[in-house]
Amino acid sequence: MSPDQRFALLVRTAIGLFCVLFVYFLVADIWMPMTPEARVMRPVVRVAPQVSGPVSEMSLHNNQNVQRGELLFRIDEAPFVLARDKARLELEQARQDNASLAASLEAARAEVEAARAHADESRRERARAESLISRNSISRQQLDSLVAADQAAQAELLATEAQVRQLEVELGQEGAANLRLRQARNALAQAELDLAHTRIRADHDATVSNLQLETGDFVSQGQAVLAMVVDSLDLVADFREKSLRQVSEGNSALVVFDGIPGQVFDAHVVSRDAGVQDGQLIADGSLADIPSTDRWVRDAQRIRIHLELDEALPKDLPSGARATVQLLPGDNFLAHTMGALQVRLMSWLHYVY
């Protein structure tokens, strides 16, 4: 074979190999898509105290793993103890005020009975005087005096009844439903809650990261002072839209992590995001922002899916760790076989790289 013939054979072989690989990648992108755009995502919890004050005790150090309910740090509780004791005194004062009002109410009701008896007697005396005046048995002056006494007695009765109503309104409902007692109990409960909030505890099993807080630092209510990376893992992968046509929840997948090279892990698809930021319109009063490009073939839109590992990792990976995901949609044996070979090749490349 002449050199020209050998060169022509090499060219035809290269072109044939290129065509085979081109067709393979087109088919593979549909039936067994793979992406290196995958990450390990762990929820990051920003811890913020619910009360303000100086930090009196630190119970953790940077990069420490903590369990749910474990004490993280403590805020100086002295002012909150005083506030709780004050609320207790106010509750006791409310009970005493209610007892005093109840006694005053009973006395006022007794005065009403006395005033009513006096008013009834005055009314009877006035009636007798009015019957006697017609027979000229008493003077007009005596009648006027009895009429004035009756009117004063009736006014006194109205005044004592009004005082009873005022005391009833001021005292309110009796027992646990009393407004003054409920307000005092609420104030005490709030003071006890604030005191409990001086002990900041972990809400999740997590690892403290980038700790800058020190004993003596003043922390403000609602202001984040440390971050915790939760132990739960969310594996996200970004695929081109067309690559997800055959993918559904529950489909098998194989995962290779850059931090654990040479190992392949089984996983399955959990869910798919409903959209991306480019598909979100904000009603801010602006006109439509139409993206423009001078490229003949635009970039494909990527959609994010979420996966769950079927096995535990041999070591914890940090949030943001990179991975490669090979999807195995459907039940096609050949596609599953080629996909497994494809991702294992990537695992060896990552191991070498």
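Contact here means heavy atoms within 4.5 Å. The structure on view is a predicted model, in which local features need pLDDT of at least 70 and side-chain atom pairs count only at pLDDT 80 or more, while totals for chains, interfaces and linings use all residues. Residues are numbered from 1 along each chain as its sequence is written, and side-chain values use heavy atoms, with hydrogens and water left out.

Begin by selecting Leu-327, which, leaving aside its neighbours within four places in sequence, is in contact with ten residues named here in full: Met-32, Pro-33, Phe-239, Leu-244, Val-247, Ser-252, Ala-253, Val-269, Ile-305 and Leu-307.

Next, widen the selection to the largest nonpolar core, where Leu-327 is one of the residues that touch the most other members, along with Leu-235, Val-255, Phe-257, Ile-305, Leu-307 and Val-325, out of 23 residues. A nonpolar core is a set of buried Ala, Val, Leu, Ile, Met, Phe, Trp, Tyr and Cys residues joined through side-chain atoms within 4.5 Å, and buried means under 20% relative accessible area (1.4 Å probe, protein chains only). Among the elements that give two or more residues to this core are strand S11 (252-257), strand S12 (260-272) and strand S13 (302-309), strands being DSSP runs of E with at least two residues, numbered from the N terminus.

Now colour these strands: S11 and S12 pair in the antiparallel sense over six bridges, where pairing requires that DSSP finds at least two bridges, and a hairpin joins S11 to S12 through two residues. Ser-252 stands opposite His-268 in S12, and further on Arg-272 stands opposite Ile-305 in S13.

Note on methods:
Buried < 20%, exposed > 50% of the residue type's maximum accessible area, 1.4 Å probe, protein only. Helix = DSSP H or I, 4+ residues; strand = E, 2+ residues; numbered from the N terminus.
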